Structures are given as C-alpha cells and as structure tokens.
Amino acid sequence: MREEKKSPSQKDKQTQKKNWLWPAVYSGIAIVFVGMIWGYSALVKKDSPELTDGAMGGNDNGELVVETNASKEVLKYPFSEELLDNVAILQNYYDLEAEESVQENSLLVFNQTYETNTGVSISIDDQPFEVVAAATGVVEEVVTDVFQGDEVIITHADGMKTVYGSLSGVLVKKGEEVTQGEPLGNASANEWNPNAGTHLHFQVLVNDEPVNPGSYLGF
C-alpha cells in the first residue's frame, strides 16, 4: 500500500520563515550600526586638527613645544636686499670646474702665498654695511680675531652652516637663536685680506664641507 506524502503544515511554513527572517533582521541592524560608527569616525577625523610643521604640540612633561619651519627656509642674502644693486663679488668661491679666469679670481693671496677661497668676498662700494643672518639658526661660535676680523658661525635646522667673516661690532653670542634677517654685525676690512677692503667673507657649509654660496644665492 502506497504511503501518501504529507505536505508541510502551515506551522512548518511559519517556522521556516522565522528561520531566515531573524538572521536577516540582525544582519541589517549590524550593517546600519557599523555604518554609523564608520561615519562618526570619519567625521571626527575630518574635524580634528592635525599637527603640522609650525604647530603646537607637547612633550612628555606636558610643556608646550612650538616647532618652527626653519628647515624649510630658503637662504637669503646676508645683507639687506635693498643694497643688492650695489653689491660686488670681489673674490669668488674656488670651483674646480669653473673657468680659469674665475679660478684666478678665487685665489686669496697673503705673504706671497695663495689659498683657494672657500666662500665669497662681498663688498658694497668699499663701505661698511650691516650683515644679517641668511637663515634662522643657532649661533655655534663667535670668533674674535683682530687680524682676520671677527667671525660668526650659525648652525641651521637642516644641518647646514653659514659663516660670516671679516666682521666688526658683533651683536650676537654663542648659543643664541637668531632669525633670518637678524643683524649679526658689520662688514669691515682686515689685515689678512687687505686687497678686498671693507667686505664680508661669506661661506656655506654642508656636512661641514664648504660649498659654493652661488648655488643657493645666485652670486
């Protein structure tokens, strides 16, 4: 005798509906909840200020620290730009790849002895002029030398150094922070290089090695 297949009852159908209905509901709620969290996080991140160069921050002691943009500064002339039209480069930086005439002008002579110039000798009508910091930095050393003129060495944030020689009336001290354009002293004459008259001997050092200032300032 053949058994008749029984069709699922209405109760079984309702149970099957419930089996997929609630998981679907829970999944939908979870998706909405995750979306709300993601949206809130994105909104907070957008509105929160991020620390950048020059922004204020704090150290481990809770003290305020203000970083500067000194490392991004471009070197400026070590004198007022208003004087630029009257500037003369008496002696160039000695470059092995320069033309012979430029190399000859880059030799310093003292007691019939020649030395290659590691900077540039800047003159303004053979008159004293105010020498200023080419970039922000810290005074590494102030050298007092009656024979060669006083010298100021400044270390900058990127490790570069600038050297200002043949000075008089130095206005800064070792360890002081100076800003770009701040007066350092006055250009003067010296006995070591009398042919240059009143001048500034300006050098740029990278990794403590002299480089051509003209690469940065267009001399």
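Here are a few notes on the core, the aromatic pairs, the largest pocket and one loop residue.

1. Before anything else, keep in mind that this is a predicted model.

2. Let's start with the core. The largest nonpolar core has 26 residues, and the members that touch the most others are F129, I154, Y164, L200 and F202. Strand 6 (120–124), strand 9, strand 10, strand 12 (183–187) and strand 13 (200–206) are the elements that each give two or more residues to this core. As background, nonpolar side chains in soluble globular proteins tend to be buried together.

3. I154 is worth a click if you want to see what surrounds one of those core members. Leaving out residues up to four places away in sequence, I154 touches A133, G137, V138, V139, E140, M160, K161, T162, Y164, V178 and L184. So you'll find Y164, another of the core residues that touch the most other members, in the contact list of I154.

4. On to the rings, where the count comes to three aromatic pairs. One of them is Y77 with F79: the ring centres are 5.3 Å apart and the planes sit at 20 degrees, under the 30-degree limit, so this pair is stacked. Both Y77 and F79 are buried. These two also join F129 in one aromatic cluster, and F129 shows up again among the core residues that touch the most other members.

5. Y164 and F202 make a pair of their own. Their ring centres are 5.4 Å apart with the planes at 50 degrees, so the pair counts as tilted. Y164 belongs to strand 10 and F202 to strand 13, so the pair ties together parts that are 38 residues apart in sequence. Y164 and F202 are both buried.

6. Now for the empty space. The largest pocket has a volume of about 310 Å³. Its lining is made of 19 residues, with Q148, E151, W192, H201 and Q203 lying nearest the centre. Strand 5 (113–116), strand 9, strand 10 and strand 13 each supply at least two lining residues. If you're thinking about chemistry, the lining breaks down into three nonpolar, 12 polar and four charged residues. Strands 9, 10 and 13 thus appear both here and in the core list.

7. Last, a look at a loop. A157 sits between strand 9 (150–156) and strand 10 (161–168). Is A157 buried or exposed? With a relative accessible area of 55%, A157 is exposed, since the cut-off is over 50%. The C-alpha atoms of A157 and K72 are separated by 8.6 Å, although the two residues are 85 apart along the chain.

Technical notes
Residues numbered from 1 in each chain as written. Predicted model: local features only at pLDDT ≥ 70, side-chain atom pairs only at ≥ 80, totals over all residues. Heavy atoms only, no water. Helix = DSSP H or I, 4+ residues; strand = E, 2+ residues; numbered from the N terminus. Buried < 20%, exposed > 50% of the residue type's maximum accessible area, 1.4 Å probe, protein only. Core = buried A, V, L, I, M, F, W, Y, C linked by side-chain atoms within 4.5 Å. Contact = heavy atoms within 4.5 Å. Phe/Tyr/Trp six-rings, centres within 6.5 Å; stacked < 30°, edge-to-face > 60°. 1 Å grid on protein atoms, 1.4 Å probe; cavity = no way out; pocket = protein on both sides within 12 Å on 5 of 7 lines; lining within 4 Å. Points joined across faces, edges and corners; volume = space filled by probe spheres on them. Nonpolar A, V, L, I, M, F, W, Y, C, P; charged D, E, K, R; others polar.
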